[in-house]
Amino acid sequence: MSADGYDATRLNDTGATPAPGTPSAPAHVAIIGSGGGAFAGAIRAAEEGARVTMIEEGTIGGTCVNVGCVPSKITLRAAELHHRRSHHPFGGIPRDAGPIDRSALLAQLRSRVEELRASKYEGILADEPAIEFLAGRARFEDARTLAVEEPSGAVKRLQPDRILIATGAFPAVPPLYGLGETPYWTSTEALFTDELPEHLLVIGGSFVALEIAQAYRRLGSEVTILARRKLLSRDDPEVGAVLQAALEDEGIRVLTHTTPQRVDHDGVRFRLALGGDTLTAERLLVATGRQPNTQTLHLEAAGVQTHDSGAIVVDSHLCTSTPGIFAVGDCTTMPQLVYVAAAAGTRAAINMAGGDAELDLSVVPAVVFTDPQVATVGLTEREAEDHGIKADARRIDLVHVPRALANFDTRGFIKLVAEAGTGRLVGAQVVAHNGGEIVQTAALAIRNRMTVESLANELFPYLTMAEGIKLCAQTFSRDVARLSCCAG
């Protein structure tokens, strides 16, 4: 019996409840995928006494460690340090940035990715006898049966008690005329090439496009961004506008409300037709979102409902439309964030063992790792109104945050959205250097139903960026420009 009050070994291999007094075999859980959500589910299921079979057709570890979070943040940090050498704001310190050795940087990146994959994924499998790894591509034959095509071509059939789908997503490619016949990059190629093109064209206005675009600019490439709408169009409009200004200040050309009519490649350069204009560059990055990786699962054979995009529809308990089949991560209708996937994997494992764990997605902080970073949580003003909440919002520019002044970097702002009348905090938008380190303060305040008045009265350490949350909360009742430093 677990701490959650249920017995994970209550099922035998047939799925029936054994008679009292008879021994039961461990429940058998099959997990399709091996990323963050899959491993969180496998670890928790094994802890609860289940026998786990993890099925993976590609590289173990999924997107985050292999081609997503880890390599992208290494690239971004390296690009930031190179940029700061020649663009820092401090007098008396030389501004000099030497040439980039892209091959050496890539070798270091690959080494760290392999190290983390070995310690956080392969090592866990080696140390956990309850988790069996099965290489191959899985598909449903019915709601109880998985057929796994192994690398040898042999097909192995499983009939587990529970099934968890955690197959992730892959880069989506828009239907641009001619694009499929060109050697365009997705984020994977952009992160793992040792090439540093003279000019990089980027199609996309969301976080992947913007992070990689800025990294390449800071590493020395000319960069042009083409966004179908505005930058970060799903966020508060002020967020995209301020970030666009920051990117343009670094020499990035940003074309909003722009969609190429066709794409060509002459063997050397890309040509993008834009009405009467044509853009040319050595490389083209297509970063227009990610598509759920569900096409080969034959979900229809199991009766699993999907969204038009292919995303698996799940409820707050991670259940699909078919009893006994659960799903987590980027292949579902949940936010495509690895920490959401991991939290969902743990809760799905609890529920597969008979528990009652719900994933509450009412407060989900998110970060875009540009510089300045964009960090958001909760509702924007418009979203609050859409939810029937009369919103009262305040924005403080970073010129009023002492730590930003000390850093000589006042790009950005902090905005808090409160419920009018009660003052209850319902949302926050942050654009700031290392804004991701600030936003969790707002997330915890929203989770605990704090008011902006109570936030304004909290003690925040002086000369931290998080103090900007307090200062912004104070603007609901005071003029912070007329307060001294450390004003309580």
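Where is Leu318 found? Leu318 lies in the loop between helix H8 (299–302) and strand S17 (325–327), and I start there, in what is a predicted model, since the backbone at this residue deserves a careful look. Phi of Leu318 is near 70°, a positive value in a residue other than glycine, and the side chain belongs to a residue that is buried, with a relative accessible area of 0%. As background for the bench, most residues other than glycine have a negative phi, and most peptide bonds are trans.

There is a second residue of this kind to put beside Leu318. Arg449 has a phi near 55°, again a positive value in a residue other than glycine, and it is found in the loop between helix H12 (439–447) and helix H13 (452–456). Leu318 counts as buried at 0%, whereas Arg449 is exposed, with a relative accessible area of 55%.

Staying with the backbone, I turn to a peptide bond. Asp371 and Pro372 are joined by a cis peptide bond, with omega at about 5°, and Pro372 has its place in the loop between strand S18 (366–368) and strand S19 (373–378).

That region also comes up when we look at Glu211. Glu211 lies in helix H6, and, at 5% relative accessibility, this glutamate counts as buried. Which residues does Glu211 touch, if we do not count residues up to four places away in sequence? The contacts are Ser72, Lys73 and Leu76 together with Val368, Phe369 and Thr370.

Now to the aromatic residues, where a search of the whole structure finds 3 aromatic pairs. In one of them, the rings of Phe90 and Phe408 have their centres 5.4 Å apart and their planes at 80°, and since planes over 60 degrees apart count as edge-to-face, the pair is described as edge-to-face. Phe90 lies in the loop between helix H3 (69–87) and helix H4 (102–127), and Phe408 in the loop between helix H11 (402–406) and strand S21 (413–419), so the pair ties together parts that are 318 residues apart in sequence. As for their surroundings, Phe90 is partly exposed, with a relative accessible area of 34%, while Phe408, at 56% relative accessibility, counts as exposed.

Another of the pairs is made by Trp185 and Tyr216, whose rings have their centres 5.9 Å apart and their planes at 45°, so this pair is tilted. The pair links distant parts of the chain, with Trp185 in the loop between strand S8 (169–171) and helix H5 (187–192) and Tyr216 in helix H6 (residues 207–219), 31 residues apart. Are these two residues buried or exposed? Trp185 counts as buried at 5% relative accessibility, and Tyr216 is buried too, with a relative accessible area of 1%.

One further ring has a charge for company. The charged end of Arg395 sits over the ring of Phe413, 4.2 Å from the centre of that ring.

Let me come to how two of the helices meet. H3 and H4 pack at an angle of about 145°, with their axes 10 Å apart, and their crossing is right-handed. On the H3 side the contact is made by Val70, Pro71, Ile74, Thr75 and Ala78, and on the H4 side by Leu105, Leu109, Arg112, Val113 and Leu116.

Elsewhere, Ala38 has its place in helix H1 (residues 36–47), and this alanine counts as buried at 1% relative accessibility. The C-alpha atoms of Ala38 and Ala166 are separated by 5.5 Å, although the two residues are 128 residues apart along the chain. Leaving aside its neighbours within four places in sequence, Ala38 is in contact with Ile31, Gly33 and Met54 as well as with Ala166.

I finish with the cysteines. How many disulfides does a search of the whole structure find? The search finds 0 disulfides. For Cys319, which is in no disulfide, the nearest cysteine sulfur is that of Cys331, 14 Å away. Cys319 counts as partly exposed, at 25% relative accessibility, whereas Cys472 is buried, with a relative accessible area of 0%.

Conventions
Residues numbered from 1 in each chain as written. Heavy atoms only, no water. Phe/Tyr/Trp six-rings, centres within 6.5 Å; stacked < 30°, edge-to-face > 60°. Helix = DSSP H or I, 4+ residues; strand = E, 2+ residues; numbered from the N terminus. Buried < 20%, exposed > 50% of the residue type's maximum accessible area, 1.4 Å probe, protein only. Lys NZ or Arg CZ within 6 Å of the ring centre and 35° of its normal. Disulfide = S-S within 2.5 Å. Axes fitted to C-alpha atoms, helices over the stretch in contact; angles between N-to-C directions. Left-handed = near helix turned anticlockwise from the far one by under 90°. Contact = heavy atoms within 4.5 Å.
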